[in-house]
Amino acid sequence: MLWLDKATDAALACSMYLLYPAILIVILIDVVGRNFFATPLSWAIEGSGLFLIGAIFLAAPKVELNRGHILLDILYANYPKKTKLLCDLLTRTVACLWMAAATLRSSVEIHTAFILQESGTDFRYPFWPMRLIMTIGFLLLTLALLYNIVSSYRQLRAGGKQ
């Protein structure tokens, strides 16, 4: 799954090098405008919130693919290897089904947002590009979960020895 690893790397890079700096720039301009010129950006909260949503959903697939998410180590660490694999398999299966549904729903909303020219109250930029970014993040997360489901299943079938 080299292509999935590269796709999640690209999504993470977009999150880290485009969206998070955009948040910082918007907040910086808003703070400087508010404190020095008495003219804050009217859309700063809405815009930075949208950038944050996109940044989170683009970073999540890499975290899942690398299995770098937070676990309840107090319980999980004490489980036998097979029980850990079974827990991984079940939780990732439920999460994968949820993310597949979110991907489908989000992909429908791209078209709707484009047709309706949906935008924010103060942030007059169209929402469909952010919905596209979210859908890509959802799809990559679904594929990363699917990859880890198959991996957990293979390890479980091998008796938890891999």
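**Helical architecture and core packing of the predicted chain**

Ala144 is buried, with a relative accessible area of 0%, in a model that is predicted. This residue is found in helix H5, and, when residues up to four places away in sequence are not counted, Ala144 touches Leu4, Pro61, Glu64 and Leu65. The pairing of Ala144 with Pro61 joins positions that lie 83 residues apart along the chain, yet their C-alpha atoms are separated by 6.0 Å.

Pro61 and Leu65 also appear among the contacts of Thr8, which, leaving aside neighbours within four places in sequence, is in contact with Pro61, Lys62 and Leu65. Thr8 has its place in helix H1 and, at 0% relative accessibility, counts as buried; the cut-off for that class is a relative accessible area under 20%.

At the level of the whole chain, the secondary structure consists of five helices and zero strands, and the order of elements read along the sequence is α-α-α-α-α. The radius of gyration is 20 Å, whereas the globule rule gives 15 Å for 162 residues, so the chain is more spread out than a compact globule. Along the principal axes, the C-alpha atoms fill a box of roughly 65 × 35 × 25 Å. Of the 162 residues, 33% count as buried. Among contacts with a separation of 6 or more, 76% are accounted for by residues 24 or more positions apart.

The surface was also characterised by composition and charge. The chain exposes about 10200 Å², of which carbon and sulfur atoms supply 71%. The charged residues comprise 14 positive and 10 negative charges, and the mean positions of these two sets are 14 Å apart.

The interior was then examined through its nonpolar cores. In soluble globular proteins, nonpolar side chains tend to be buried together. The largest nonpolar core of this chain has 16 residues, and those with the most contacts inside it are Leu19, Leu50, Phe51 and Phe123. Helix H1 (2-36), helix H2 (44-65) and helix H5 (128-157) each supply at least two residues of this core, with the largest share, six residues, coming from H2. The surroundings of Phe51 illustrate the packing: not counting residues up to four places away in sequence, Phe51 touches Leu19, Ala22, Ile23, Val26, Phe123 and Met130. Two of these partners, Leu19 and Phe123, are themselves listed with Phe51 among the residues with the most contacts inside the core.

A second, separate core of nine residues includes Met99, Phe138, Leu141 and Leu145. Met99 lies in helix H4 and, at 10% relative accessibility, counts as buried. When neighbours within four places in sequence are left aside, Met99 is in contact with Phe138, Leu141, Thr142 and Leu145, so that, with contact taken as heavy atoms within 4.5 Å, the named members of the second core recur in the contact list of Met99. The C-alpha atoms of Met99 and Ile149, which are 50 residues apart along the chain, are separated by 13 Å.

Not every residue examined in the helices is buried. Leu132, found in helix H5, counts as partly exposed at 36% relative accessibility. The C-alpha atoms of Leu132 and Asp9, 123 residues apart along the chain, are separated by 18 Å.

Two loop residues were examined for their backbone geometry. Most residues other than glycine have a negative phi, and most peptide bonds are trans. Ala38, whose place is in the loop between H1 and H2, has a phi near 55 degrees, a positive value in a residue other than glycine. At 64% relative accessibility, Ala38 counts as exposed. Gln117, found in the loop between helix H4 (81-116) and H5, likewise has a positive phi, near 50 degrees, and is a residue other than glycine. With a relative accessible area of 46%, Gln117 is partly exposed.

Key: Residues are numbered from 1 along each chain as its sequence is written. This is a predicted model: local features need pLDDT of at least 70, side-chain atom pairs count only at pLDDT 80 or more; totals for chains, interfaces and linings use all residues. Side-chain values use heavy atoms; hydrogens and water are left out. Helices (H or I, at least four residues) and strands (E, at least two) are DSSP runs, numbered from the N terminus. The radius of gyration is taken over C-alpha atoms; the globule rule is 2.2 Å times the number of residues to the power 0.38. Buried means under 20% relative accessible area, exposed over 50%, partly exposed in between (1.4 Å probe, protein chains only). Accessible areas come from the Shrake-Rupley method with a 1.4 Å probe; for residues, only the protein chains shown count as cover. Lys and Arg count as positive and Asp and Glu as negative; His and the chain ends are not counted. The place of a charge is taken as NZ of Lys, CZ of Arg, CG of Asp or CD of Glu. A nonpolar core is a set of buried Ala, Val, Leu, Ile, Met, Phe, Trp, Tyr and Cys residues joined through side-chain atoms within 4.5 Å.
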